[in-house]
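Let's take a friendly walk through a protein together. Have a look at the picture first, and then we will go through its parts one by one.

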Amino acid sequence: MYTLTIDEHGRDVSTQHDTPEAAQAALHAYLVISDYYHRPTQLSATHTAFELLSLAEARPRVVGVATIEPYSELDARRDLKAVFAAASPIHALAS
């Protein structure tokens, strides 16, 4: 599993994908819909990072970042703990 994380203007969105190619395809779709381009900042076998660029004005400006990286078993356990903690009856009463 791989995680695509897009951080645009401080809003993070993460999606899970079976392969890095699928994550790259999802990023490409996002870029087309948003009318953005991307510039690689780090390319390796385990982690890729890109700056998101807007060309809407006279010169390009960075509007966010995107990363593609493996989603490990440790990540899955951390996420499950967070979900279960948020769903606990004590947490619900405190809300």
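Start with a single pair of residues: Tyr2 has Pro70 in β5 as its bridge partner. This pairing belongs to a longer contact in a predicted model, where strand β1 (residues 2–8) and strand β5 (residues 61–70) run antiparallel and are joined by seven bridges. Another pair to look for is Thr5, which stands opposite Thr67 in β5.

**The whole protein**

Now step back a little. The protein has three helices and five strands, and along the sequence they follow the pattern β-β-α-β-β-β-α-α.

How confident is the predictor in the protein? The average pLDDT is 84, and 84% of the residues score at least 70. Helix α1 (residues 20–34) has the highest confidence, at 95, while helix α3 (residues 89–94) has the lowest, at a mean of 51. When you look at helix α3, keep that mean of 51 in mind.

**The sheet**

In what order do the strands sit in the sheet? The order is β2-β1-β5-β4-β3, an open sheet of five strands with antiparallel pairing. At the edges you will find β2 (11–17) and β3 (36–43), each of which pairs on one side only. On average, neighbouring strands of this sheet are turned by 20 degrees against each other, with direction ignored.

Follow the sheet from β5 onwards and you come to strand β4 (residues 48–54), which pairs with β5 in the antiparallel sense over seven bridges. Within this pairing, Phe50 stands opposite Ala66 in β5. The link between β4 and β5 is a hairpin through six residues.

The next neighbour is β3, which runs antiparallel to β4 and is joined to it by seven bridges. Here Tyr37 has Leu53 in β4 as its bridge partner. β3 and β4 also form a hairpin, this one with four residues between them.

Here are three of these strand pairs side by side:

| Strand pair | Bridges | A residue pair to find |
|---|---|---|
| β1 and β5, antiparallel | seven bridges | Thr5 opposite Thr67 |
| β4 and β5, antiparallel | seven bridges | Phe50 opposite Ala66 |
| β3 and β4, antiparallel | seven bridges | Tyr37 with Leu53 |

**A salt bridge between two strands**

Side chains can link strands too. Which residue forms a salt bridge with Arg39? The partner is Glu51, and the closest N and O atoms are 2.7 Å apart. Glu51 lies in strand β4 and Arg39 in strand β3, so the pair ties together parts that are 12 residues apart in sequence. The count for the model comes to one salt bridge.

Are these two residues buried, exposed or partly exposed? Glu51 has a relative accessible area of 22%, so Glu51 is partly exposed, since buried would mean under 20%. Arg39 has 39% relative accessibility and also counts as partly exposed, because exposed would mean over 50%.

**Inside and outside**

Finally, think about the protein as a whole. Of its 95 residues, 24% are buried. The protein exposes about 6,700 Å², and carbon and sulfur atoms supply 61% of that area. As for contacts between residues at least 6 apart in sequence, 29% of them join residues at least 24 apart.

Terms used:
Residues are numbered from 1 along each chain as its sequence is written. This is a predicted model: local features need pLDDT of at least 70, side-chain atom pairs count only at pLDDT 80 or more; totals for chains, interfaces and linings use all residues. Side-chain values use heavy atoms; hydrogens and water are left out. Two strands pair if DSSP finds at least two bridges between them. pLDDT is the predictor's confidence in each residue, from 0 to 100. Axes are lines fitted to C-alpha atoms, for helices over the stretch in contact, and angles run from 0 to 180 degrees between N-to-C directions. A salt bridge is a side-chain nitrogen of Lys or Arg within 4 Å of a carboxyl oxygen of Asp or Glu. Buried means under 20% relative accessible area, exposed over 50%, partly exposed in between (1.4 Å probe, protein chains only). Contact means heavy atoms within 4.5 Å. Accessible areas come from the Shrake-Rupley method with a 1.4 Å probe; for residues, only the protein chains shown count as cover.
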